[in-house]
Amino acid sequence: TRPVPGDVDILVAGTSCVDNSNLNPEKKKRAVFTNALIAKKKAQELLKQNETKMSHNHKVGESGMTFMGMLAWVTNHKPTVVILENVCGALWELMRQQLLLLGYHAEYLRLDTKQYYIPHTRTRVYLFAVRADKSDKHTAERWSEKIKAIQRPASASLEAFLLSADDPRIMKVRAQME
């Protein structure tokens, strides 16, 4: 295996979502981590643990293991900017608190692609973190404001791009499938 590069300014990552997805019937309810104070306490506890041990700790699930592995990389390489993407059910406040403890300013935002000129619904949360020693404390907040400001709903729905059910090309493909 080749080592993961470390000399980067921006990390864009999406860790595993399986443990946080609404489609996972085994998903555990962890609403307690939406509270900033509780999430900060848990973040401090997790960061005190050995990152190598945490990234192989199956109790945190696949999603937790891949996030902790990414967090260990951030701890070691300290990129200026970290951008994370994941499902809405991920532990966003806990992740934000962990990055705050590592010396980043961080904010997260729930977005739907159809509000950004893409004729498709895909709601996800994005977290933007910037090193505190390279920015002022309002940089992450300004990111959220800029992202909200560029919202522009798609001018056509997805259906506008689809062929009608009685289109001759659709009829031909259906006949070939029979």
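How many bridges join strand 3 to strand 4, and do these strands run parallel or antiparallel? In this predicted model, the count comes to 9 bridges, and the two strands run antiparallel. One of the pairs along the way is R110, whose bridge partner in strand 4 is V125.

Stepping back to the whole chain, there are 178 residues, of which 37% are buried. The chain holds 6 helices and 4 strands, and from the N terminus on the elements go β-α-α-α-β-α-β-β-α-α. Contacts often reach a long way along the sequence: of those between residues at least 6 apart, 68% join residues at least 24 apart.

A word on confidence comes next. Mean pLDDT for the chain is 80, with 75% of the residues at 70 or more. Among the elements, strand 3 has the highest mean value, 94, while helix 2 (residues 51-54) has the lowest, 47. Over residues 54-58 pLDDT stays under 50, although the model still has 11 contacts beyond four places in sequence for this stretch. Where pLDDT is low, the predicted coordinates should not be read in detail.

Now for the sheet. The 4 strands make an open sheet in the order 1-2-4-3, and the pairing is mixed. Strand 1 and strand 3 are the edge strands, each pairing on one side only. On average, neighbouring strands are turned by 15° against each other, direction ignored. The parallel part of the mix includes strand 1 and strand 2, which pair over 4 bridges; here V12 has I83 of strand 2 as its bridge partner. Strand 1 also shows two faces: L11 and A13 sit on the covered one, I10 and V12 on the uncovered one.

Two helices can be placed against this sheet. Helix 4 packs on the sheet and touches strand 2, strand 3 and strand 4, with its direction at about 155° to that of strand 3. Helix 5 (residues 139-149) packs on the sheet as well, touching strand 3 and strand 4, and its direction makes about 15° with that of strand 3.

What fills the inside? The largest nonpolar core has 22 residues, and V74, L84 and L99 have the most contacts within it. At least two core residues come from each of strand 1 (10-13), helix 3 (61-77), strand 2 (81-86), helix 4 (92-101), strand 3 (104-112) and strand 4 (123-131). Helix 3 gives the largest share, 6 residues. Another core, of 9 residues, lies apart from this one and has L111, F128, V130 and A140 among its members. In soluble globular proteins, nonpolar side chains tend to be buried together. Back in the largest core, L99 makes a good place to look around: leaving out residues up to four places away in sequence, L99 touches L71, V74, L84, Y104, A106, L127 and A129.

One polar residue deserves a look too. D112 is found in strand 3. Is the residue buried or exposed? D112 counts as buried because its relative accessible area is 13%, and the cut-off for buried is under 20%. The side chain of D112 makes a polar contact with the side chain of T123, at 3.4 Å. Beyond neighbours within four places in sequence, D112 is in contact with H120, T121, R122 and T123.

Methods: Residues numbered from 1 in each chain as written. Heavy atoms only, no water. Core = buried A, V, L, I, M, F, W, Y, C linked by side-chain atoms within 4.5 Å. Buried < 20%, exposed > 50% of the residue type's maximum accessible area, 1.4 Å probe, protein only. Contact = heavy atoms within 4.5 Å. Polar contact = N/O pair within 3.5 Å; in protein donor to acceptor, adjacent residues only side chain to side chain. pLDDT = per-residue confidence, 0-100. Pairing = 2+ DSSP bridges. Axes fitted to C-alpha atoms, helices over the stretch in contact; angles between N-to-C directions.
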